[in-house]
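Here are my notes on this model, as numbered points. They take the relation between chains, then the pockets.

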Amino acid sequence: ARFGVMYDSTPTAADELAIHNRFTLNIDGVTETDSGIEFFARVRVRGGNTGTGTTSASGVSAPRVGMSINGVTVAVGNITGALEETPGLYDGAVGLTGLGDLNVVAITDQNGGNWDSFSSAGGGVNGAEVLFSTGAFGAHLSYSPVTDRTAVNASYNFGDWTVAAAYQDAGLNTDDKWVLTAGGSFGNFGVGASYGDNDGVAKFRVNGSAAVGSGTRVTAFVADDESATDTLWGLGFTHSLGGAVLAGGVVGDQDGENQADLGVRFSF
Amino acid sequence: ARFGVMYDSTPTAADELAIHNRFTLNIDGVTETDSGIEFFARVRVRGGNTGTGTTSASGVSAPRVGMSINGVTVAVGNITGALEETPGLYDGAVGLTGLGDLNVVAITDQNGGNWDSFSSAGGGVNGAEVLFSTGAFGAHLSYSPVTDRTAVNASYNFGDWTVAAAYQDAGLNTDDKWVLTAGGSFGNFGVGASYGDNDGVAKFRVNGSAAVGSGTRVTAFVADDESATDTLWGLGFTHSLGGAVLAGGVVGDQDGENQADLGVRFSF
Amino acid sequence: ARFGVMYDSTPTAADELAIHNRFTLNIDGVTETDSGIEFFARVRVRGGNTGTGTTSASGVSAPRVGMSINGVTVAVGNITGALEETPGLYDGAVGLTGLGDLNVVAITDQNGGNWDSFSSAGGGVNGAEVLFSTGAFGAHLSYSPVTDRTAVNASYNFGDWTVAAAYQDAGLNTDDKWVLTAGGSFGNFGVGASYGDNDGVAKFRVNGSAAVGSGTRVTAFVADDESATDTLWGLGFTHSLGGAVLAGGVVGDQDGENQADLGVRFSF
């Protein structure tokens with residue numbers, strides 16, 4: 001769960017200051033056969049509201065159901081999606097809420113960010129996916145006949161560094177995209193970079209983070225979206241409360257407006 | 001939970017092949033008084049999607065609330081319904097999903113299959129019901145002022161055999177119906193028969209099953225629905241995975257079209 | 001959970017007699033930091049139906065998320081609301097269901113009863129609130145930018161007696177109101193009184209209860225609503241079943257019509 005305050009400088013924003021809160025509870029059903037196959041099913045209870053608009057109740061997501069054995073997972077229904085799950089895709093995220101995910105190179109001003117992912121309180125895409133991991137290598141293939149999107153990612157981990165690539169082929173051509181990510185850490189520092197081609201629209205991001213003092217980390221990113229007017233940037237911090245996390249951040253968006261947030265997130 | 005693949009040969013079917021998945025979690029609240037009365041309340045979390053249509057989130061059913069003592073149960077709200085709970089009504093079911101419940105003699109091409117039953121993710125019929133069981137005898141009476149349906153069933157069990165009868169009187173005359181069922185087992189075999197009168201439309205079904213090898217059972221039924229063009233039939237199997245069940249089946253429907261499914265179901 | 005039967009003599013009532021049932025399950029996520037701050041999040045699963053209208057499924061409320069330390073609680077989202085939580089506001093309630101809450105002086109025929117409160121299956125008011133308690137003194141301040149209502153209550157407890165006051169300032173003037181309550185007990189008896197000013201419309205209530213025999217309590221109230229035609233009154237009882245409670249009551253409403261209920265409520 002998380003709660004806090006959000007700020008948006010955009011003149012047309014619904015709220016300049018907004019109360020934000022969110023609740024997440026995964027309900028996982030798991031069983032294992034005598035032969036070692038694990039069968040699982042998950043639904044998610046998700047709710048929350050931001051600002052002064054009409055509030056909504058919480059919802060229970062459509063299920064993701066599947067099986068795992070020997071590092072191979074097959075799932076159907078409300079799948080997680082291969083592009084969404086690309087390691088490093090969300091690296092450089094700042095703030096309590098992610099503040100619009102401007103750091104993600106698969107989202108551009110022109111093409112939006114359309115791919116299959118687990119719907120936290122909705123129906124999802126009723127697709128199928130296969131995940132595979134062995135030692136340092138991981139791969140993920142997903143397909144939904146509802147959205148007509150096929151996506152694949154592959155990643156390799158060596159020590160403190162991970163590189164990944166992903167590709168999506170969509171029935172809607174403007175949703176075709178591919179993504180490269182790289183990231184790692186040395187001592188108190190983390191760095192990353194990512195490049196995305198969104199049906200010909202390029203976006204590039206670099207990010208870095210540093211541990212400053214006990215339990216505090218500062219994160220920043222800069223991103224260039226070929227279809228955006230302004231350079232995208234973000235600066236954020238997290239501070240451990242020893243069982244919860246104080247988080248905040250500020251970003252500059254494609255129109256040069258700023259969004260910021262501050263609050264606490266915790267697990268239970 | 002369950003997941004798998006469904007097939008439908010019907011030319012107008014939404015999908016010839018469809019991804020299927022379903023999630024069920026009962027939330028049961030139970031307390032017992034010092035005098036031994038058990039009070040209970042149940043809601044069900046249910047979700048799942050099939051095929052390429054618009055997907056839907058999971059839902060939480062309306063509650064069934066009531067009390068039990070000395071073999072008598074009284075419940076109100078989202079009741080289970082006496083006709084629905086007739087022992088043997090669903091005997092002969094094949095496949096992962098039941099494949100349209102063609103084996104049920106209370107469902108006909110002309111009259112449909114309308115009776116009160118527990119709604120897994122909806123509001124139910126806000127009715128009242130009384131269940132009674134003593135030794136080999138069981139009875140169940142239900143009424144809903146919302147649907148204006150009164151139903152009753154009675155059953156008797158002797159050793160491996162059970163016979164049951166049910167009757168529904170509905171405000172909508174075409175929903176009047178009565179049902180007889182009989183079923184039992186001997187060694188590795190099971191057999192059953194059922195007859196239904198659906199406001200004058202007769203339907204008859206015979207079914208049988210056999211254990212073949214370790215953990216595998218084959219089930220088949222044939223049914224004649226007076227209002228249908230073709231004879232209804234079904235053939236299915238279940239195979240234990242030692243903690244989950246592989247199940248599949250194929251049926252021939254009232255128009256001579258085929259539906260089939262294959263998948264896994266498991267509890268958690 | 002609770003279930004039972006409701007009666008309404010009103011000629012235009014949807015049902016004279018109605019089946020009633022309700023289910024409540026709070027899902028609480030709580031964590032505590034090393035420094036002793038408790039962070040919490042709650043959603044509620046709530047369902048139930050009454051009578052012969054269209055039934056509805058259960059719902060999951062929007063979350064209330066916040067933190068507590070040293071007797072101070074701050075929460076945002078689906079807040080409980082300071083006026084709603086005024087100690088003694090609901091004193092004198094009768095029956096299984098409260099029977100229209102005629103005993104509450106903040107509800108009048110002319111002004112209705114509009115204030116912020118926790119929505120059991122809906123979105124709530126996405127507000128913020130602070131609660132404070134120390135020894136015998138308690139206070140509660142709430143505000144919602146969605147409803148534009150600010151409310152505050154304060155209460156003081158001395159031995160078996162409690163007095164409280166509350167005030168609401170609303171963007172909609174007819175929702176401005178203030179409330180005084182006092183209540184206490186001596187031996188087997190309880191008494192209380194409450195006065196409300198609802199944008200100039202006065203309402204007054206006195207209530208009393210008495211333990212009669214083992215596990216049985218009788219409660220009654222009389223209330224005068226300046227904007228109502230008839231005097232409001234209620235008479236009810238509760239009887240312990242040793243793990244559940246049998247409850248029933250009857251009231252006379254602002255038009256001289258009667259509502260009554262009888263049933264069982266229990267926790268699990």
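1. Symmetry. Chain C superposes on chain A after a rotation of 120 degrees, with 0.0 Å of shift along the axis and an RMSD of 0.0 Å. This is therefore the relation of a three-fold axis. The copies nonetheless use different surfaces: of the contact residues of chain C, 3% recur in chain A. Keep in mind that this is a predicted model.

2. Largest pocket, position. The space in the largest pocket comes to about 870 Å³. Its lining counts 37 residues. Nearest the centre lie Arg2(B), Arg22(B), Arg46(B), Leu96(B) and Thr97(B). Four elements of chain B each give two or more residues to this lining: β2 (17–32), β3 (38–50), β14 (216–225) and β15 (232–240). β3(B) gives the most, with 6 residues.

3. Largest pocket, character. Which classes make up the lining of the largest pocket? The residues divide into 18 polar, 10 nonpolar and 9 charged.

4. Second largest pocket, position. The volume here is about 630 Å³. The second largest pocket has 21 lining residues, and those nearest its centre are Arg22(A), Arg44(A), Arg46(A), Glu84(A) and Ser120(A). On chain A, β2 (17–32) and β3 (38–50) are the elements that give two or more residues to the lining. The largest share, 5 residues, comes from β3(A).

5. Second largest pocket, character. By class, the lining of the second largest pocket has 10 charged, 6 polar and 5 nonpolar residues.

Key: Residues are numbered from 1 along each chain as its sequence is written. Chains are lettered from A and ligands numbered from 1 in the order in which they are written. This is a predicted model: local features need pLDDT of at least 70, side-chain atom pairs count only at pLDDT 80 or more; totals for chains, interfaces and linings use all residues. Side-chain values use heavy atoms; hydrogens and water are left out. Copies are superposed by least squares on the C-alpha atoms of residues with pLDDT of at least 70 in both. Contact means heavy atoms within 4.5 Å. On a 1 Å grid over the protein atoms alone, a cavity is a set of points where a 1.4 Å probe fits but cannot get out, and a pocket is an open set with protein on both sides within 12 Å along at least five of seven lines; lining residues have an atom within 4 Å of a point. Grid points are joined across faces, edges and corners, and a volume is the space filled by probe spheres set on the points. Ala, Val, Leu, Ile, Met, Phe, Trp, Tyr, Cys and Pro count as nonpolar, Asp, Glu, Lys and Arg as charged, and the others, Gly among them, as polar.
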